[in-house]
Amino acid sequence: MVDPDRLRAEFSQAMSAMYRAEVPLYGELVALVEAINRRVLEADPSLAASHGQDERARLDLERHGAIRVGTAAELGLLRRLFGVLGMVPVGYYDLAAAGVPVHSTAFRATGPASLTRSPFRVFTSLLRLELIADPALRRAAQEILARRRIVTPRAVALIEQHEREGGLDERSASEFVREALETFRWHAEATVDAAAYGALRQAHPLVADVVCFRGPHINHLTPRVLDIDAAQAAMLERGLPAKELIEGPPPRRCPVLLRQTSFKALSEPVRFDGEAGIHTARFGEIEQRGVALTEAGRIRYDTWLASNQSSTINDLPDDHAALREQDLAFYRYRRVRRPDPHAGLQAAIASGAVVAEPILYEDFLPVSAAGIFRSNLGDGAGEAARPDPQRPALEQALGCAILDEVALYRKQATASAAAAMAG
Ligand code: OOG
Ligand code: NI
């Protein structure tokens, strides 16, 4: 049986190659990011060192993608498809609170070794058709969606084989990568005529993007950059249509969570029942990731976000030792030499026997995500709807529970501390 970590790495490369061919600007962005990452690591050997071998190895592979689906059944099927690649749903994001009629999760690997092998993640949103006000339009959307099949019959068969046999052999695995990729391909041929597209777009641009095409085309693929301010400047220098604002925390010496920027979505030629038109959906995005925050740390970030967003998050120290000692961020512990068995973890760190390394934030931020959605959907995408979070509904559609990201970070921190201090 093929290792799901290897399969995920292969799939992520295949996805990247497909998107590079579909959206040449993405290739440009990847080149820009690689150049900046090289420069940052050369200029700051201490950063390169603190990054560790594993971190460096995964940097060039690192991507997230985003897709949007229309029905619970589609989401349930994708959960099974991503399961073949060792990816499970982590985190619940309610974007309706920010005026975007979807709720979302991210499919990703969870174990530290698996993340090192391939941190590929896919932000996956389920359209909330119940938020379309016009009942006739809602029904029309449901009928259109009920007719499509977003996963090829062969891919479905391979998913079933995987579930039955607990894995895939070499040949089936390569076939699966090829077949599963089809789900995320762009289709320039809409499934509806221009009038139907117009009506759905009127309801919400997102509704048109999800409902009017054969499948959940990947709408962006995001490489990870080590200095997003430099990348933003480089994007503007090259004339890429960058979004004005970087989403997420302000720049800091010790980056936390996630900072993101994107270039605006392209207007692309599509055909509606043979008639020429345009659709705006796909864009490019880059992100810088920092240390994962504990609940207490996250409250401080969210408080800053809800306030006037001054240039610093005042009560979140910009210092890894302070973040760790005050239990505001998560760290992984590595033994350098045998610690004094009678001393605690803090003493072992102070003596240099154990080192603490930041645990990278692997997830997303709902307010940032809503900002990314909005800047790429054109006009009329911002009216706020404020229904309650629907986490149980999303879990029911997935057919499984959504893992809690903070619990995953805590588990990793605790397990590494125990291993570093063990006899
Ligand atoms: C997803 C937007 C969210 C991110 O990086 O926060 C996202 C979408 O536009 O479908 O990808
Ligand atoms: Ni994104």
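How are the donor residues of the nickel ion (ligand 2) spaced in sequence? They follow the pattern H-x155-H-x64-E. This is a predicted model, in which local features need pLDDT of at least 70, side-chain atom pairs count only at pLDDT 80 or more, and totals for chains, interfaces and linings use all residues. Residues are numbered from 1 along each chain as its sequence is written, chains are lettered from A and ligands numbered from 1 in the order in which they are written, and side-chain values use heavy atoms, with hydrogens and water left out.

**Nickel site**
- The nickel ion (ligand 2) has as protein donors H64 (NE2), H220 (NE2) and E285 (OE), lying 2.1 Å from it; donors are N, O and S atoms within 2.8 Å of the metal (3.2 Å for Na, K and Ca), and sites may look incomplete because water is not among the atoms.
- H64 lies in strand 1 and H220 in strand 5 (residues 220-223), so the pair ties together parts that are 156 residues apart in sequence; strands are DSSP runs (E, at least two residues), and helices are runs of H or I with at least four, numbered from the N terminus.

**Shell around ligand 1**
- Ligand 1 is surrounded by H64, A66, R68, F123, N219, H220, Q260, E285, F364, A369 and F373, each with a heavy atom within 4 Å of it.
- Strand 1 contributes the most to this shell, with three residues.

**Polar contacts of ligand 1**
- Polar side-chain atoms of H64 and N219 each lie 3.0 Å from an oxygen atom of ligand 1.
- For Q260, a polar side-chain atom is 2.7 Å from an oxygen atom of ligand 1; the cut-off for a polar contact is a pair of N or O atoms within 3.5 Å.
- The protein covers 100% of the 310 Å² of accessible area that ligand 1 has on its own, by the Shrake-Rupley method with a 1.4 Å probe.

Conventions
Polar contact = N/O pair within 3.5 Å; in protein donor to acceptor, adjacent residues only side chain to side chain.
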